[in-house]
Amino acid sequence: MLYMVNKSPLMFGNLKSVLGIAPAGEPILLYEDGVYAAVKGAASQDLVRQALEQRPVYAVRADLEARGLTALIDGIQVVDYDGFVQLVEQHHVVPWL
Amino acid sequence: MEVREEEMANTVAVLMRKAPYGSVYTAEGFRSMMGIGVFELDIRVLFVDDGVYALVKGQNPAALDMKPLGDGFPTLSEFGVTQFYVHDRSLSERGLAPKDLVLDVQVVDDAGAARILESCGIVVPF
């Protein structure tokens, strides 16, 4: 199962909610405004670090670059569009809109 | 993966996470449930987060010139939509209990919610 998050973790509860329900080990993919969760120093940082202890967390490169986000939390795996497509192909997808 | 997809191809999870009236999501989710039911797909509806507000008894949006969305859910059984699940923490965080809802639902915990999503070939989010 690939749980996909596209909302900012500071404006919306989507990330917190999905991390409560997605079983440990199941990957999270951050895209669109979801990538704000990948940045170091934001109020969502502790939540994301806890998530990384349990599961892979991916962030889409184009969405990071578009927003000028370069200082990322250690352990975040940045994927380009090919990697994004591979993840979606390899997993059953749960969009947490 | 392919075997799994074949087994679950006709199973749809509708994931309801938005409150009613503030957006079109609840109404559109409801319409989708009717459509999916009419096509005789196996449908499981899961209410999480503010989605649980869609099922609260006593909704009266007359002054908003809208139809009460909650009243529609019990009628979905006519379309073969009968499997309704509600996430326990989403209810308790909002001070709600199953008795406050328009439907007899199955209450599920985190793991139960994840199992419903896993059991379906596709998850349609609203």
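**Exercise: pairs along a strand**

Starting from Ala13(B), which stands opposite Arg44(B) in β2(B), trace the neighbours of β1(B) on its β2(B) side and on its β5(B) side.

*Solution.* The model is a predicted one, in which local features need pLDDT of at least 70 and side-chain atom pairs count only at pLDDT 80 or more, whereas totals for chains, interfaces and linings use all residues. Residues are numbered from 1 along each chain as its sequence is written, and chains are lettered from A and ligands numbered from 1 in the order in which they are written.

Step one is to take the β2(B) side, where β1(B) and β2(B) pair in the parallel sense over six bridges; strands here are DSSP runs of E with at least two residues, helices are runs of H or I with at least four, both numbered from the N terminus, and two strands pair if DSSP finds at least two bridges between them. A further pair in this ladder sets Thr11(B) opposite Asp42(B) in β2(B). The connection from β1(B) to β2(B) goes through α2(B), and this β-α-β crossover is right-handed, in the sense that, with the strands pointing away from the viewer, the path from the first strand over the helix to the second runs clockwise.

Step two is to turn to the other side, where β1(B), residues 11-16, is joined to β5(B) by four bridges and the two run parallel. Here Leu15(B) stands opposite Pro125(B), and Ala13(B) has Val123(B) as its bridge partner. Against this sheet packs helix α2(B), residues 25-38, which touches β1(B), β2(B) and β5(B), and whose direction makes about 165° with that of β1(B); contact is counted when C-beta atoms, placed from the backbone, lie within 7 Å, while angles run from 0 to 180 degrees between N-to-C directions of axes fitted to C-alpha atoms, for helices over the stretch in contact.

Step three is to ask how covered these strands are: five of the six residues of β1(B) are buried, and β2(B) likewise has five of six buried. A residue counts as buried if 20 or more other C-beta atoms lie within 10 Å of its own, as exposed if 12 or fewer do, and as partly exposed in between.

**Exercise: the two sheets**

Give the strand order of the open sheet in chain B and of the one in chain A, and name the edge strands in each.

*Solution.* In chain B the five strands follow the order β4-β3-β2-β1-β5 with parallel pairing. Because β4(B), residues 106-108, and β5(B), residues 122-125, each have a single partner strand, one side of each is left without a neighbour in the sheet. The twist from one strand to the next averages 25°. Further along, β2(B) is joined to β3(B), residues 83-87, by four bridges, and Val45(B) has Phe84(B) as its partner there.

In chain A five strands again form an open sheet of parallel pairing, in the order β4-β3-β2-β1-β5. Its edge strands are β4(A), residues 77-79, and β5(A), residues 93-95, each pairing on one side only, and the twist averages 30° from one strand to the next. Within it, β1(A), residues 2-5, and β2(A), residues 28-30, run parallel and are joined by three bridges, with Met4(A) opposite Leu29(A).

**Exercise: positive phi in chain B**

Decide whether Tyr21(B) and Asp49(B) are buried, partly exposed or exposed, and state where each lies.

*Solution.* Most residues other than glycine have a negative phi. Tyr21(B), not a glycine, has a positive phi of about 75° and lies in the loop between β1(B) and α2(B); with 16 other C-beta atoms within 10 Å, Tyr21(B) is partly exposed. Asp49(B), also not a glycine, has a positive phi of about 55° and lies in the loop between β2(B) and β3(B); Asp49(B) has 25 other C-beta atoms within 10 Å and is therefore buried.

**Exercise: the contact between the chains**

How many residues does each chain give to the contact, and which classes make up the side of chain A that touches chain B?

*Solution.* Chain A gives twelve residues and chain B eleven. On the chain A side, the elements that give two or more residues are α1(A), residues 14-21, and β5(A). By class, this side of chain A has eight nonpolar, four polar and no charged residues, where Ala, Val, Leu, Ile, Met, Phe, Trp, Tyr, Cys and Pro count as nonpolar, Asp, Glu, Lys and Arg as charged, and the others, Gly among them, as polar. For the complex, the predictor gives an ipTM of 0.86 and a pTM of 0.91.

Key: Two residues are in contact if their C-beta atoms, placed from the backbone, lie within 7 Å.
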